[in-house]
Amino acid sequence: MKKLFFIVAGQLFFILGSAQEYISNQTARQEYAQLLKQRAFIAFPELREQPIRWLDSVKKEWLEHDYAIRPFVLHPQPGEYFVFQTGIWAISKELKKLGMSYSDFKTADGRIISSDRLTCFNAGGTDFRGRPFRKELDIPGQEVQSLWIGISVPETAKGIYTGMVTLSVNGDLQKIKIQLDIQGPAIADHGFDEGRRLARLSWLNSRAGLNDAVTKGYLPVKREGHLIRILGRSLEIAGDGLPADIRTYFTPSNQSVSKQGASIIQRPFHFIIEKENGEIIRLKPGLLKFGSQVASGISWSVTSESADCDLVCHGELAFDGFADYHLTVKAKKLLDIKDIRLELAMNKDHASYMMGLNKSGGLRPENWDWKWDAGKNQDALWLGAVNGGLRIKWKAENYARPLVNVYYHFGELHLPPSWCNNGKGGVHVAEKQHAVLINGYSGNRSMQKGEQQHFDFELLITPFKIMDRQVQYGARYFHSGSNKNATAIQTADSLGANIINIHHGNELYPFINYPYSDINVNSLKAFISAGHRDNKRVKVYYTTRELTINLPELWPFVSLNGEIIYPGPGASAKTVTNAKGPDVWLKENLRGRKYIPAWVAYFDHGKFKGLHDLSVITTPDSRLNNFYVAGLDWMVHHLQNDGIYIDDCSMDRTTISRARKILDSNRPNANIDMHSWDHFNKYAGYASCLNLYMDLLPYIDQLWIGEARNYDTPPDYWLVEISGIPFGLPGQMLQDGGNPWRGMVYGMTNRAGWTGTPPDQIWRFWDRNAIQKKSMIGYWDPEVPVKSNNDSVKVTVYTDSGGTILSVGNFSGKEQCFNLSVDYKKLGLDPQKCRYSIPQVDRFQIGESLQGIPDHMKVPAGKGYLILISPA
């Protein structure tokens, strides 16, 4: 007898049988011609430990046993979420709409496990927004399909239960008798603690974190007539359902929320339908109706009518500043249209900066024109100031979340048929006096009577929250990419770090995005406990873009045919990370399957020596999001991790909101930090990261947007693309450790343990000068009390009654000379009673006493100073 074996998440699964046990489908049709005569398909059961992997091969025993007569015996424990398979071979022709049903499972003495406790994951379930859905079971001709079934076994069940699985297509009906031999003690937590049991497949339909709660730091939505208030912002609804006014109450450096608000827009939004002859269709709004209001949001709807067409508007606003609009134009007769467009006018003071639509983040140009292009991951524009702005995203009914990073061109943006209109649509931005006009237009078209077009759009009102000083200055990361973690806690101690991020690809956490693998979870749990004993918070890398092939659920996920694993080119795929194509393992084991190869890691030493971690790209907005959130819920209860580190992801705002709620409820001091590579290049579709991920930012504590960043860029780029400040988030530097002098202008350091010089000396300077108690007033703030006369030299002020820190940064490539003007009244200081110094900060600057603020100071290229002004 020969053993066929493979490794999944370190667990050895094997199939006993002859070398010829698996035969090709073609051979099977020849050898078993009489058995298969006039059959559309063959159905057979299989154990969870022996996943059906191949489309083109069958086992002889699947064909030789009559499973309708001889029961297939399974061995669950009481309380277990037990999983098995039913295989289907479509012998020659495609099977359309395969039917599947289950009977109740019964004992000889009449005890019952209801059929309601059975689920076929391939046939549907609960989507990532908590909505039930069904999938048609279509199986291509001549292929083998595995259907994975889960049974929620009651804790009280004992003994032999017999039931039936029935499959049918066009009158061809096959039954499989299943016998559950339930023995042993009740299993803890349904078996989720052991990945090998595959009980975690039930996480695919999890509703964890789906509720109307408001996440930490935000306020419930409040409505007063047409005015809706959220944290630091308000939205007033016009009679047609569109925004009439949007106001911000955040102070200019996002240090607090004031009582006096300022309008972000100059006038109400206008949705305009212009006929070919230049006539504007006059739409008369009906009754504006508000939907049921919950703490987390409120919705409204209104229909505006005319003789030519109707406009149906559905809108909703969430507590985080996300507004979702669905506009449907319904033609009542044949219409020749010159243009359908959305126009808005922003106050110039709240449109200083711009990011998106092929413009990297920075100062807004006077005019900007943009056209739709699927080759670019661009469908959204942010215009704003530090304390108030808008991101507008144009979309339609065909929206599907694109792939990100170097994989964008495998899953590009679906151009909205309404706004794009076969390339006629685009966006124009123009400055006009005190306003900045945004015109999202679609161009000429004809609409037939009864035709509908969906002109949907999203708004994000920024910033999302005030800057959290405890996070900005108190969250000090040790983030190591080393394979060894034995000394991580001691090293973090020596540098003054209080948060340890555990990356993947090491002995604590070998396999990407599967931290709870059976082979490492105990070591990871022990490390987290050791960190807690040393007063450290410990977080784990956990994101949704790619997934290891070492997870035990691989083959069930593969069987879902593109739902979880993105259906890419498969064996012919070549990517930046797999320039020669997929690893041989993927080619041999996923033969005939569609996938995109991604992260690759090989363990050449340590306890996992000889293993390798391959990964594949995942499908956005799938049930993997449910699995992800349920996995986080399991971790916070069993590992007690203090949050998660998100690396470029395919996540949506619903999913990260769920993750945030899980953490808020179970680990109230937990953090979510997010990292991203610079996407503004041809591989990633020229997207700006913070624009791309902006709907996630309300739920994130800190940013690490630095990989492949050029830190020799202008200060406006730093502010918008790197710092996070316009969105209420502190940031940190990454690439080669960043630039510490320029970083301090934005309250940023790099991280210990990754690249560059450790920031421990700057952290110590922060502590000596109680920076967490000081208000940060940036150079961008019109009321900044200290200003430079040299535009290449920027100054940010950190101040309170205990003294003032001036952070000076030279953003040019040359030495600069500058003077500082100080408004002592704004600082609350008497210039005659102040001490001045450049304090000693190792690896940053040499200490020096000053008689006052010097005239004609010189600062080397790319460097800066920290200057102290203290009351005498």
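Let me begin with Leu201, which is buried, at a relative accessible area of 0%; buried here means under 20% relative accessible area, exposed over 50%, and partly exposed in between, with a 1.4 Å probe and protein chains only. Please note that this is a predicted model, in which local features need pLDDT of at least 70 and side-chain atom pairs count only at pLDDT 80 or more, while totals for chains, interfaces and linings use all residues. Residues are numbered from 1 along each chain as its sequence is written, and side-chain values use heavy atoms, with hydrogens and water left out.

Leu201 lies in the loop between β16 (172-182) and β17 (222-224). Helices (H or I, at least four residues) and strands (E, at least two) are DSSP runs, numbered from the N terminus. Which residues does Leu201 touch, not counting those up to four places away in sequence? They are Val83, Phe121, Trp148, Glu553, Pro556 and Phe557, where contact means heavy atoms within 4.5 Å. Val83 is 118 residues from Leu201 along the chain, yet their C-alpha atoms are separated by 8.1 Å.

The loop between β16 and β17 also holds Gln183. Gln183 is partly exposed, with a relative accessible area of 42%. Leaving aside neighbours within four places in sequence, Gln183 is in contact with Pro76, Gln77, Pro78, Lys158 and Gly159. From Gln183 to Gln448 the C-alpha separation is 66 Å, with their positions 265 residues apart in sequence.

On confidence, pLDDT is the predictor's confidence in each residue, from 0 to 100. The protein chain averages 95, and 97% of the residues score at least 70. Over residues 1-19, however, pLDDT stays under 50, and for this stretch the model has 44 contacts beyond four places in sequence.

I turn now to the strands. Two strands pair if DSSP finds at least two bridges between them. One open sheet has three strands in the order β42-β44-β43, paired antiparallel. Its edge strands are β42 (546-548) and β43 (597-602), each pairing on one side only. On average, neighbouring strands of this sheet are turned by 25° against each other, direction ignored. Four antiparallel bridges join β43 to β44 (residues 612-617), and Tyr602 stands opposite His612 in β44.

By contrast in pairing sense, β45 (residues 643-647) and β46 pair in parallel over five bridges. Ile646 stands opposite Met674 in β46. Is β46 (residues 671-677) mostly covered or exposed? It is mostly covered, with seven of its seven residues buried. On one side the buried residues are Asn671, Asp673, His675 and Trp677, and on the other Ile672, Met674 and Ser676.

Finally, the helices. The axes of α10 (residues 624-638) and α11 (residues 653-666) come within 10 Å and cross at roughly 10°; axes are lines fitted to C-alpha atoms, for helices over the stretch in contact, and angles run from 0 to 180 degrees between N-to-C directions. The two helices are therefore roughly parallel to each other, a description that covers angles under 35 degrees, with over 145 roughly antiparallel, 65 to 115 roughly perpendicular and the rest oblique. Among the residues making the contact are Tyr628 and Leu632 of α10 and Arg658 and Ile662 of α11.

Helix α13 (residues 715-723) is largely enclosed by the rest of the structure, because nine of its nine residues are buried. Trp718 and Glu721 are among them. Gly724 follows α13 and has a positive phi, near 85°.
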